[in-house]
Amino acid sequence: MASTVVTDHLYYPVSERKMERGEGVYLYDEDGRRYLDCASATFNLSLGYSHPAVIAAMKEQLDKVVHLTSSYQSDPVNGLVQRLVETSPAGLTKVHPKVSGGSAANEGAIKMAQLATGKSDVITLFRSHVGQTMMMTSMSGNSFRREPFPNLFPGSLQVPDPYCFRCFYGQQKDTCGMMCVDRLEDFVDYASSGRVAAVLIEPISGNGGNIVPPDGYMQKLRAFCDEQGIALIFDEIQTGIGRTGHMFAAQYFDVEPDAITTAKGLGGSGAQVAAILTNERLAGLPANHHSFTYGSNLLAAAAANVTLDIVRRPEFLANVTRTGDHIMERLRDMQRRYPAIVDVRGVGLMIGFEIAELDGKPAVKLTNHLADKAMEHGLILRTSRYGYGNVLKIRPPLILTMEQADEICDKLENLFLAELTR
């Protein structure tokens, strides 16, 4: 069946480009054109396409056993649990690997928080993207996600995020006194049921615009949760596994949540694997309340173990910081020359830059246009908020070399010359 006929049957629209293979940070189409992938596929290829160590580990496991019920022990899952405990913040000593995606991991962490606190409500941030199951859709920080569905999960409320560049409260970062945390008590008192179980946040917003909280925000949020008896859950589906130059963003921000959820980059080159990490406070949810057939998959666990062994090396994490800092430095130089670039922000290789009109308003149409045109320059870019946002994201595989970091910036420079100087 021809490709054009197949796409008529495919439920969702796809690009006309047909990809054939991937290697490292590059993706190749059927005509042999090469693209440097700044989205790491779906932000999940921490080690790039077809990393040889990941492929070898999966092949070796394939010859032994592919699937095993989680009632039994296995070397791949035991190894995964051990490595996650070793690389996560010290107080997170419990690992729940019986989940196979980020949405299910976040739902599991919420169930754990509700059971532990005896409360119900969940606070998430404006613009947050915490998953696409019905429960996580209900907790999205974007109304366009909730609008089509009539029966949503009750008991969540969304509050202003620490978006200093466009502060909800109209304040300046140096003098605001961190109102985005101080006002949370008002939301609990007046907008919740009074029974808040958890605050679920992405330490740096993945889809919401790469918003990096200011210094001290996390510590103040941790203190607020402690005072209120609320569990603090970090959704590290995108920020985890080395993306910030630390194994987890919690370590970059020097704060310890009650739980971390991880997925995406954990699979290295695309293995479907996820996990929930918790402290003792959130332990105790019976397994039959949250376990999925394809969680704890042995092939995926084998891939994750190799990935963790590679990513946790100090020199590997240092390279993430070094290449990320270099890209942001060059982007800030471009910002001085292209008025449409109004803010550059990020940590490690989790980078975003904001596109605006001359009057400062978000330039959503131009942002999407730049992402489309980037393909002509051999660059894969994705935008924030599924095309509703004005931030272009730079999140290449973490194996990026300094030469490839310059290649990204050179291609961006060519893109901007072609599209922003007309």
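**Close-up views of a predicted model**

**View 1. Aromatic pairs, starting with a stacked one.** A search through the whole structure, which is a predicted model, turns up six aromatic pairs. One of them brings together Phe144 and Tyr388, whose rings are stacked, with 4.1 Å centre to centre and 15° between the planes. Phe144 belongs to helix α7 (residues 143-146) and Tyr388 to the loop between β14 and β15, so this pair ties together parts that are 244 residues apart in sequence. How buried or exposed is Tyr388? Its relative accessible area is 48%, so Tyr388 counts as partly exposed.

**View 2. An edge-to-face pair and its cluster.** Here we look at Phe168 and Tyr169: the ring centres are 5.0 Å apart and the planes sit at 85°, so this pair is edge-to-face. Tyr169 is buried, because its relative accessible area is 19% and the cut-off for buried is under 20%. Phe126 joins in too, as ring pairs link Phe126, Phe168 and Tyr169 into a cluster.

**View 3. Two arginines over two tyrosine rings.** Arg34 has its charged end over the ring of Tyr26, 3.8 Å from the ring centre. In the other spot, the charged end of Arg145 sits over the ring of Tyr386, and here the distance to the centre is 4.3 Å.

**View 4. The four-stranded sheet.** This one is an open sheet with antiparallel pairing, and its four strands come in the order β11-β12-β15-β14. At the edges are β11 (341-347) and β14 (382-383), each of which pairs on one side only. Strands β12 (residues 350-355) and β15 (residues 391-394) run antiparallel and are joined by four bridges. Which residue of β15 is the bridge partner of Gly352? That would be Lys393.

**View 5. Helix α13 against the sheet.** Helix α13 (residues 314-337) packs on the four-stranded sheet and touches β11, β12 and β15, with its direction at about 170° to that of β11. From first C-alpha to last, the 24 residues of α13 reach 35 Å, close to the 34 Å expected at 1.5 Å a residue. Plenty of side chains to look for here: the buried residues of α13 include Phe316, Leu317, Val320, Ile327, Met328 and Leu331. In an α-helix there are 3.6 residues a turn, so residues three or four places apart point the same way. What covers the buried residues of α13? The cover includes two helices, α12 (298-311) and α15 (402-419), along with strands β11, β12 and β15.

**View 6. The seven-stranded sheet.** Now for another open sheet, this time with mixed pairing and seven strands in the order β4-β10-β9-β8-β7-β5-β6. Its edge strands, β4 (94-96) and β6 (156-159), each pair on one side only. Going from one strand to the next, the twist averages 20°. Zoom in on β9 (residues 259-262) and β10 (residues 275-278), and you'll find an antiparallel pairing over four bridges. Ile260 has Leu277 of β10 as its bridge partner.

**View 7. Ser296 in its loop.** Where is Ser296? Look in the loop between β10 and α12. With 11% relative accessibility, Ser296 counts as buried. Setting aside neighbours within four places in sequence, the residues in contact with Ser296 are Val77, Pro97, Lys98 and Val99.

How values were computed:
Residues are numbered from 1 along each chain as its sequence is written. This is a predicted model: local features need pLDDT of at least 70, side-chain atom pairs count only at pLDDT 80 or more; totals for chains, interfaces and linings use all residues. Side-chain values use heavy atoms; hydrogens and water are left out. Two strands pair if DSSP finds at least two bridges between them. Contact means heavy atoms within 4.5 Å. Axes are lines fitted to C-alpha atoms, for helices over the stretch in contact, and angles run from 0 to 180 degrees between N-to-C directions. Rings of Phe, Tyr and Trp (its six-membered ring) pair if their centres lie within 6.5 Å; planes under 30 degrees apart count as stacked, over 60 as edge-to-face and the rest as tilted. Buried means under 20% relative accessible area, exposed over 50%, partly exposed in between (1.4 Å probe, protein chains only). A charge sits over a ring if NZ of Lys or CZ of Arg is within 6 Å of the ring centre and within 35 degrees of the ring normal. The expected span of a helix is 1.5 Å times one less than its number of residues.
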